[in-house]
Amino acid sequence: MKNIIKITHQIKKTYSHLCEPVMQKYHITRCELDILLFLYNNPELNTAKDIVEKRGIIKSQASVGIEKLINKNYLKIIRDKNDKRKYRLYLLEQSEEIIEDGLKFQQTFNEMIFKNISSQEQEIFQNILEKIYQNTKEGK
């Protein structure tokens, strides 16, 4: 169990280190960067609730991050046509450069963590992670 905690911590630390230059370049927080990349990578999951549930960002932090991104003209919010209780988030053109840089560091991160690991090993690893995820969901 100690190794899992140690490995998880190192993965998070490496990811944070790689995203730091993007955050500094654009004067945005980690939460704001995570929201932009999440919306880009998952365009169908475009509500604040989706960000909180699927990305795991704390509700209050997501709310503040979304508001900052709207104020910086990186996001727009539109009321859902079919469900007036829902508001949908959409990326604006001004966010494209940040997203490009974010995708580059994500690619670097993926190449780094899967270096010397075959496609077959990656697939096995993904299957194991999915089972661990399901097991932890059941244990709530």
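**Notebook: cysteines and core of a predicted model**

I looked up C31 and found that C31 is buried, with a relative accessible area of 15%; I take buried as under 20% relative accessible area, exposed as over 50% and partly exposed as in between, with a 1.4 Å probe and protein chains only. The model is predicted, so I note that local features need pLDDT of at least 70, that side-chain atom pairs count only at pLDDT 80 or more, and that totals for chains, interfaces and linings use all residues. Residues are numbered from 1 along each chain as its sequence is written, and side-chain values use heavy atoms, with hydrogens and water left out.

**Entry on disulfides**

I searched the whole structure for disulfides (pairs of cysteine sulfur atoms within 2.5 Å) and obtained zero. C31 is in no disulfide, and its nearest cysteine sulfur belongs to C19. Why does C19 form no bond with C31? The closest cysteine sulfur to that of C19 is in C31, and the two are 12 Å apart, which is too far for a bond.

**Entry on C19**

I placed C19 in helix α1, residues 2-26; helices are DSSP runs of H or I with at least four residues, strands are runs of E with at least two, and both are numbered from the N terminus. C19 is buried, at a relative accessible area of 1%. I then listed its contacts (heavy atoms within 4.5 Å): setting aside neighbours within four places in sequence, C19 meets R30, L33 and F105. I also noted G102, 83 residues from C19 along the chain, with a C-alpha separation of 7.1 Å between the two.

**Entry on the core**

I examined the largest nonpolar core, a set of buried Ala, Val, Leu, Ile, Met, Phe, Trp, Tyr and Cys residues joined through side-chain atoms within 4.5 Å. This core holds 27 residues, and those with the most contacts inside it are L33, I35, I51, L75, I98 and F105. At least two core residues come from each of α1, α2 (30-41), α4 (59-71) and α5 (96-113). The largest share, seven residues, is supplied by α2. For L75, I recorded contacts that include I35, L39, I66 and L91, not counting residues up to four places away in sequence.

**Entry on the whole chain**

I counted six helices and two strands in the protein chain, in the order α-α-α-α-β-β-α-α along the sequence. Of its 140 residues, 30% are buried. Of the contacts between residues at least 6 apart in sequence, 53% join residues at least 24 apart. The C-alpha atoms fill a box of roughly 45 × 40 × 25 Å along the principal axes.
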